[in-house]
Amino acid sequence: MTQQGVRWSAEQVLALAPDAASRKAGSKLAAAGPWSGTGCDDEGTVWGLCKGSGSKPYQTIVDMAESSAPAYKCSCPSRKFPCKHALGLLLLWAADPAAVPAGQEPPDWARQWLDGRRQRAERKEAAASGEGAADAEAARKRAERRAQRIDAGAGELERRLADLLRSGLAGAEQAGYALWEETAARMVDAQAPGLAARVRELGAIPGSGPGWPVRLLEECALLHTLVQGWLRRDRLPAELAATVRSRVGLPGSADGPPVRDRWLVLAQYDTADARLTTRRIWVHGEQTGRTALLLSYGAAGRAPDLMLPTGLALDAELSSYPGAGQLRAALGKQFAAPAPASPRPPGLTVAEAAARYGEALRGDPWLDSVPVTLEAVTPVPQGGRWQLADAAGEALPVTASACSGPGFWRLVALSGGAPLRVFGEYGHRGFTPLTVWPAGPGEAVTLR
Amino acid sequence: MAVTPSDWEDLVTSALLGTERRPPAVPAGGRDAPVALLDEAAQQTLRRRAGLRPAQAAPFLRPAPADPRPSLPPAAARRLSMLLTARPGSGGGGRRGTAPDLVELLPQWLALADGRGYAAPPEALPALLEAARGRTDLRPAVLSFAGPRALWLAGLNPEWRFALRAASGSGGGGGLPAGAGPERVRQLWEEGLFAERVALLSALRVRDAAAARSLLESTWTTERAEDRLMFLDSLRAQLCAEDEPFLERALADRSRNVRGTAAELLSALPGSALSLRMAARAATCVALDRTGADPCVVVEAPHACDAEMERDGVVAKAPSGRGERSWWLGQLVEAAPLATWPERLGGRTPEEIVALEIADGWEGELHAAWCRAAVRQGDAVWARALLGTPSAPEAAGPGAVGPAQRAKLLTTLDAEERAVWVAEFIAAHGLSEAFQLLGVCAVPWSAPLGQAVVDALDIARDAGSYPWSFSGVMGLAERCLDPADASRLAPLTATPAEAENTAPGAGGYWSEAFQRLDSTLRLRATMARELGAA
């Protein structure tokens, strides 16, 4: 889809950056100085020559025909992706229409890459449609083998949990992280990444401050329930069995019926570990009233492909993943490019939001939080932490980690002591605000 | 089935100590004890999570005061967030590349936005306060632009407490409550903390100089010495002849620093008794000798520093390495009104006096003291005389008037005259001594000054030096050149062919430095446009 004449905002562009250093470097190149031969056409291609330290300028080109997943090419040697030149070019394009004039023909060097890219895309599409069903039997066998390995891993995890409780959690504090890391590695071997991740999180609890024995017991107990659920998956209702499978870490496929709607992007944020950047995007359907989660992953050093800045809306189809109360969905066909949207999601009272988490636990007892929009809440300090309180005098505590982040102060500043509409995740740890809408007219402000 | 907290605590205790040592009070029902414990704990955890109720709301905050200023244009708001995310020293190492240094542009952006009367976007306030926390030089501009909501916000975060202090320190409104009557002022003065009282006094001084003085006098004798010093210093603003009796009394203060400050303030009042006493003392030390072919000035430095001189603020003990007689002389001449000298030295004008020959090597001492006096008394005529002709060869030489003194003298001239003088100086002497002088010129630089700097940089490049020898001036130029001058730079941004006499690679570095200058100027022009400035 093309975005004729619609230039992005700087935030949209900066969200493409793989890391903070790139954002900084890109911002520095967002001035007309080093650029020459810049231009963009009506099909979403932007190009330019950037003077670097060498004699030959870098050739930078960005293809935004698929605007939720732009493609980049630059002749610089950087391994960052997109590189600072691509970011700088897009920032310049976003900020200054005169510096990157529209309606140009791409130069030859840009044309070459574009043509090659579009041909490859066509070939891939053709190949995908021709895939046979002959592999179904082999796939079934593979799944069976994997289930057996997970069974073995789950049994081992149960024994370890029982041993731990028998000798006492106090010992876990002394044993340190290594104990958990080893168990997690065993779960990875057993091809149960969901279990591995939970085990690793257990390892962090003994060092997490006062009250850790309670939290450790809670999480051990829920992990035990998950393992029991896996071992008896044949006897569970289908929905719950699907939830257990996805919590254990088996890949599901988004085979729910496609739902077309105008999806408002409520929040987009990344979490990263050493190997992987996970991007979570919350969207809300204007007609269906559904809230859905889109996930996108990027290997270390690369930004995840999918990019939907907060405040845009896209006309598209979403398909759900299986599982009770499953909010995760896959983005299907898009009917128009994402465009800035003024509507705001409908909100709940504090009491309704609290009830919503409780209800969601019925479908998925391992759920840490649910997405909720609070209609009109005011941040209120309380004993070193913060609450979000509504007019009824009821309040949700803000999670400790969110209170200490710089984004939270943006929420307080925007509020100025007056109520606001806030979207975030609410669960047993408290409320994590992600996006806030000012009381008057104005764009959504992201908090992470 | 009701669960009491003690059931749960019992589970936690068993889990912590181990089921072997402390079996849980859960019926095992054929399960191993740990499994029974985990089952029970899971059930209770879920029950508690599912039943989470909202907390009772704490008392609401008092709302932030309204900010009536119009909000920023969207492009300017985006620019601000970009400037605020930039960090100093990015790029690493000494080489700065061709991109503008965003951190250095923030002060200018703030001044521009504040000058246009825009309100800061609320969501930018935390980043603005963070920037001001790290850089004290930014604080006044940030706090002025950030407005009342930033102070409200700062009251909630201990890390931003500086903003409250600074706000009460700026006379703008923190110090003196609007419409506060004399009783209220007196109450604040008598009950306030030290910083609040300084702020109150400074604010009142601006509004009503006499009232501020009498407020201070009313409690003067009971104040601590350090406090007296700070309070006395706030009389510097709106200094007037009516302050003299009070200042005269302060000359007898117990504290030497208070005495010194009182004397300094009195000497800045040209008609004061103290300056007349100093004039009389100084005049006895300096005389015109008409016996030779050309008249010359002879100096007879004081032989002693008596108690009267000390009372008038003369510091008796010279710093190590300085003769005490010349030290005393310098202080006398500095505190004497400059009007003393034409009378004393045969009716000559300041130019003629500065041009007089001075006997026995006293020239340095005497000229330096006259410079200090011209700065203290804000005397442009004398400053002009002491600065001399900018293109004169000695103007850049190791004469009596060093670059720091000269920069101070320049501040007594009006902006245009200052710029012209510095432009002529640079045209004659180049940039190596110009940094401090440029620092006192008004921003953006006037056309002749900008031209002089660009030409001098061009000459330096042709002379074959490296650009980082001029990095100070380059940095200033990036911030201070008029963006309208950017077109002049175009020919300089190209990499010239390497000539024989130049340093290797210098041409490329120069081209890079000029590109950065060029892109910074363009960015500044864009910034101004975004803020709706011409």
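# Exercises on a two-chain model

In strand β3 of chain A, T45(A) has D63(A) as its bridge partner. The model is predicted. Keep both points in mind for the exercises.

**Exercise 1. Find the strands that pair with β3(A), and say in which sense they run.**

Step 1. Start with β2(A), residues 45-50. This strand pairs with β3(A) in the antiparallel sense, over 6 bridges. The T45(A) and D63(A) pair belongs here.

Step 2. Now take β4(A), residues 71-74. β4(A) and β3(A) are also antiparallel, with 4 bridges. Here D63(A) stands opposite A71(A).

Step 3. Put the two together. D63(A) is the bridge partner of T45(A), and D63(A) also faces A71(A) in β4(A).

**Exercise 2. Work out the strand order of the sheet and name its edge strands.**

Step 1. Add the link between β1(A) and β2(A). These strands run antiparallel and are joined by 4 bridges. One pair to look for is S36(A) with L49(A), its bridge partner in β2(A).

Step 2. Write the order. The 4 strands form an open sheet, β1-β2-β3-β4 of chain A, with antiparallel pairing.

Step 3. Pick the edges. β1 (35-40) and β4 of chain A each pair on one side only.

Step 4. Check the turn between neighbours. On average, neighbouring strands are turned by 10 degrees against each other, direction ignored.

**Exercise 3. Is β3(A) largely enclosed or largely open, and which helix lies across the sheet strands?**

Step 1. Recall the cut-off. A residue is buried if 20 or more other C-beta atoms lie within 10 Å of its own.

Step 2. Apply it to β3(A), residues 58-63. Of the 6 residues, 5 are buried, so the strand is largely enclosed by the rest of the structure.

Step 3. Find the helix. α3(A), residues 84-95, lies across β1, β2, β3 and β4 of chain A. The helix runs at about 65 degrees to β3(A).

**Exercise 4. Describe the side of chain A that touches chain B.**

Step 1. Count the residues. On chain A, 58 residues are in contact with 57 residues of chain B.

Step 2. List contributors. Elements of chain A that supply at least two residues each include α2 (20-28), α5 (136-167) and β13 (394-397). α9(A) gives the most, with 9 residues.

Step 3. Sort by class. This side of chain A has 35 nonpolar, 15 polar and 8 charged residues.

Step 4. Look for strand pairing between the chains. β13(A) pairs with β1(B), residues 55-56, in the antiparallel sense over 2 bridges. There A395(A) stands opposite A55(B).

**Exercise 5. Where are Q191(A) and Q238(B), and what is phi for each?**

Step 1. Locate Q191(A). This residue sits in the loop between α7 (177-189) and α8 (193-204) of chain A. Its phi is near 60 degrees, a positive value in a residue other than glycine.

Step 2. Judge its exposure. Q191(A) has 18 C-beta neighbours inside 10 Å, so it counts as partly exposed.

Step 3. Repeat for Q238(B). The loop between α11 (225-233) and α12 (244-250) of chain B holds this residue. Phi of Q238(B) is near 55 degrees, again positive. With 15 C-beta neighbours inside 10 Å, Q238(B) counts as partly exposed.

**Exercise 6. Which residues of chain B does the cis peptide bond at P444(B) join?**

Step 1. Name the pair. The bond joins V443(B) and P444(B), with omega about -10 degrees.

Step 2. Place the proline. P444(B) is in the loop between α23 (435-439) and α24 (447-462) of chain B.

Terms used
Residues numbered from 1 in each chain as written. Chains lettered and ligands numbered in written order. Predicted model: local features only at pLDDT ≥ 70, side-chain atom pairs only at ≥ 80, totals over all residues. Contact = placed C-beta atoms within 7 Å. Nonpolar A, V, L, I, M, F, W, Y, C, P; charged D, E, K, R; others polar. Pairing = 2+ DSSP bridges. Buried ≥ 20, exposed ≤ 12 C-beta atoms within 10 Å, placed from the backbone. Axes fitted to C-alpha atoms, helices over the stretch in contact; angles between N-to-C directions.
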